[in-house]
Amino acid sequence: MAHEATRVLLDESRIPRTWYNIVADLPAPPPPPLHPGTGRPVGPEDLAPLFPMELIAQEAGAERFVPIPDDVRDVYRLWRPTPLIRARRLERALGTPARIYYKYEGGSPSGSHKANTAVPQAHYNAREGIRRLTTETGAGQWGTALAFACAQYGLECEIWMVRASHDQKPHRRSLMGVYGATVHASPSPLTRAGEAILAGDPDGPGSLGIAISEAVEVAAGADDTRYALGSVLNHVLMHQTVIGEEALEQLAAFGETPDLIVGCTGGGSNFAGLAFPFLREKLAGRIAPEIRAVEPAACPSFTRGTYAYDFGDTAGLTPLLKMHTLGHGFVPDPIHAGGLRYHGMSPLLSHLYELGMFGAVARSQTECFEAGVRFARTEGIVPAPEPAHAVAEAIAEALRCKESGEPKVILTALCGHGHFDLAAYDRYLSGEMRDFTLPQERIDAALAALPVR
Ligand SMILES: *Cc1c(COP(=O)(O)O)cnc(C)c1O
């Protein structure tokens with residue numbers, strides 16, 4: 001089939017049987033999470049109030065391949081394997097000799113890659129007798145995915161949704177309700193962390209960091225309740241490697257090897273999920289793709305943040321994570337970048353970045369929406385604002401190829417559709433959308449509040 005095909009679909013039997021843990025192939029593991037009180041690495045007993053034992057074990061594990069439970073594969077069958085599609089119509093419109101491929105994760109029940117980790121997280125919690133999960137959600141994609149997964153396993157699901165999104169995205173909220181979840185606007189008066197923020201700023205828009213504080217506080221205070229995180233942590237990145245494992249097989253079926261892999265990074269999970277299996281092949285000397293993360297210019301944790309121990313949340317309830325961070329008090333401008341508006345970054349990806357295993361660039365929101373519209377008008381799928389960042393970078397590279405005549409093979413993850421983001425597309429189309437420039441003083445001020453370690 002080689003260059004003739006447009007989509008490569010795999011049979012259900014090709015759903016991966018294992019997740020890939022890249023830690024097994026690194027010269028050194030990432031620095032461990034630290035207890036904020038003692039400054040010592042956190043142990044399983046510190047994490048037990050928040051996560052089930054199996055996920056705690058996965059978080060610290062060094063096994064190269066972790067078996068995917070049969071009943072998780074069975075739920076995956078609802079949408080996996082996902083298609084790998086060649087963007088022929090986009091290529092033609094650009095007039096580029098580059099060949100662009102995208103792994104489409106928007107066909108999951110919740111509309112993004114987040115379901116890939118929501119399902120195993122619900123599975124392990126249910127298996128260990130947990131009755132309820134709490135979480136935060138920003139744009140609503142993670143909350144929707146977890147609500148769907150909890151419905152599969154008969155778990156209650158309670159979600160703190162960043163107030164700005166809660167008010168602007170009523171349909172995401174409704175979808176979580178359809179799946180049976182309870183949704184609170186964050187900051188909420190239901191938690192000490194929420195009350196403290198409301199006391200200082202009763203009408204604030206909230207942030208992911210604040211919502212995490214609320215969900216963590218409630219989980220830590222109840223025996224039958226645990227907390228679930230949709231990105232950042234090692235086990236989450238590992239669950240997402242089903243994306244890259246399938247893409248390896250599909251790209252080979254196209255008769256291609258990648259020259260460039262690009263992905264958007266909020267907490268890093270879809271990027272890692274696509275890139276890690278290819279990085280394994282690269283470390284083994286079989287392929288040599290360049291790998292590049294794309295982040296919003298208004299929340300640039302790789303390109304302008306610092307590599308330091310910081311809290312994962314605003315109130316300082318989480319362990320300290322060594323990561324690229326803008327400071328846990330950083331609240332980004334109100335850009336339309338959904339899940340990319342987080343102050344920190346996955347510690348594992350931050351470690352790989354320090355090892356020079358991939359690069360990073362930042363893009364402004366208007367260039368991302370321009371790319372999203374271009375993609376929609378050629379390929380038909382409306383990208384969520386997050387993968388529109390990756391699409392913008394893929395287009396920029398394809399246009400460089402047009403100049404140089406290089407027929408590069410570019411691979412990206414189209415990690416979610418934008419059907420709940422049409423208000424943001426409206427703002428772009430009407431010309432109301434503006435780019436923010438992030439002054440260095442704001443980053444400096446947030447970094448000045450880093451915990452000292
Ligand atoms: C949550 C989300 C992101 C950002 O999270 P990562 O962990 O960096 O992948 C990106 N795209 C979509 C569609 C999301 O739902």
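This passage walks through a parallel sheet and its packing, a second group of paired strands, a pair of helices and a few unusual backbone spots.

The model is a predicted one, so a word on its limits helps: local features need pLDDT of at least 70, side-chain atom pairs count only at pLDDT 80 or more, and totals for chains, interfaces and linings use all residues. Residues are numbered from 1 along each chain as its sequence is written. Helices (H or I, at least four residues) and strands (E, at least two) are DSSP runs, numbered from the N terminus.

A good place to start is the open sheet, where four strands sit in the order E8-E7-E6-E9 with parallel pairing. E8 and E9 stand at the edges with a single partner strand each, so one side of each has no neighbour in the sheet. On average, neighbouring strands here are turned by 25° against each other, direction ignored. Two strands are taken to pair if DSSP finds at least two bridges between them. E6 and E9 meet that with three bridges in the parallel sense, and Thr134 stands opposite Tyr227 in E9. Helix H10 (residues 208-220) packs on the sheet and touches E6, strand E7 (156-162), E8 and E9, while its direction makes about 170° with that of E6. For such angles, axes are lines fitted to C-alpha atoms, for helices over the stretch in contact, and the values run from 0 to 180 degrees between N-to-C directions.

On its other pairing, E6 runs parallel to E7, and six bridges join them. Thr137 stands opposite Met161 in E7. Six of the seven residues of E7 are buried, which leaves this strand mostly covered. Here a residue is buried if 20 or more other C-beta atoms lie within 10 Å of its own, exposed if 12 or fewer, and partly exposed in between, with C-beta atoms placed from the backbone.

Which residues does Glu136 contact, leaving aside its neighbours within four places in sequence? Glu136 is found in strand E6 (residues 132-137), and its contacts are Trp160, Ser186, Leu208, Ala211, Ile212 and Ala215. A contact means that the C-beta atoms of two residues, placed from the backbone, lie within 7 Å. Glu136 counts as buried because it has 29 C-beta neighbours inside 10 Å. Glu136 and Leu229 are 93 residues apart in sequence, yet their C-alpha atoms are 7.7 Å apart in space.

Strand E5 (residues 99-104) comes next. Strands of a sheet pair through backbone hydrogen bonds, either parallel or antiparallel. With E4, strand E5 pairs in the antiparallel sense over three bridges, and Arg86 stands opposite Tyr101 in E5. With strand E15 (residues 409-414), E5 pairs in the parallel sense over six bridges; there, Val409 is the bridge partner of Arg99. In a regular strand the side chains alternate between the two faces of the sheet. In E5, Arg99, Tyr101 and Lys103 point one way and Ile100, Tyr102 and Tyr104 the other way, and all are buried.

Among the helices, H6 (residues 141-153) and H8 (residues 170-178) have axes that come within 8 Å and cross at roughly 15°. That makes H6 roughly parallel to H8, a label for angles under 35 degrees (over 145 is roughly antiparallel, 65 to 115 roughly perpendicular and the rest oblique). The contact is made by Gly143, Thr144 and Ala147 of H6 and Arg172, Leu175 and Met176 of H8.

Helix H11 also holds a long-range link, through His235. The C-alpha atoms of His235 and Gln58 are separated by 5.7 Å although the two are 177 residues apart along the chain. Not counting residues up to four places away in sequence, His235 touches Leu55, Gln58 and Glu59. His235 is buried, as 24 other C-beta atoms lie within 10 Å.

Finally, some backbone oddities turn up in loops. The peptide bond from Arg80 to Pro81 is cis, with omega near -10°, and Pro81 lies in the loop between helix H3 (70-76) and strand E4 (84-86). Another cis peptide bond runs from Ser186 to Pro187, with omega near 5°; Pro187 has its place in the loop between strand E8 (182-186) and helix H9 (192-200). Val232 is not a glycine but has a positive phi of about 70°. This residue, Val232, lies in the loop between strand E9 (225-227) and helix H11 (234-239), and Val232 is buried, with 24 other C-beta atoms within 10 Å.
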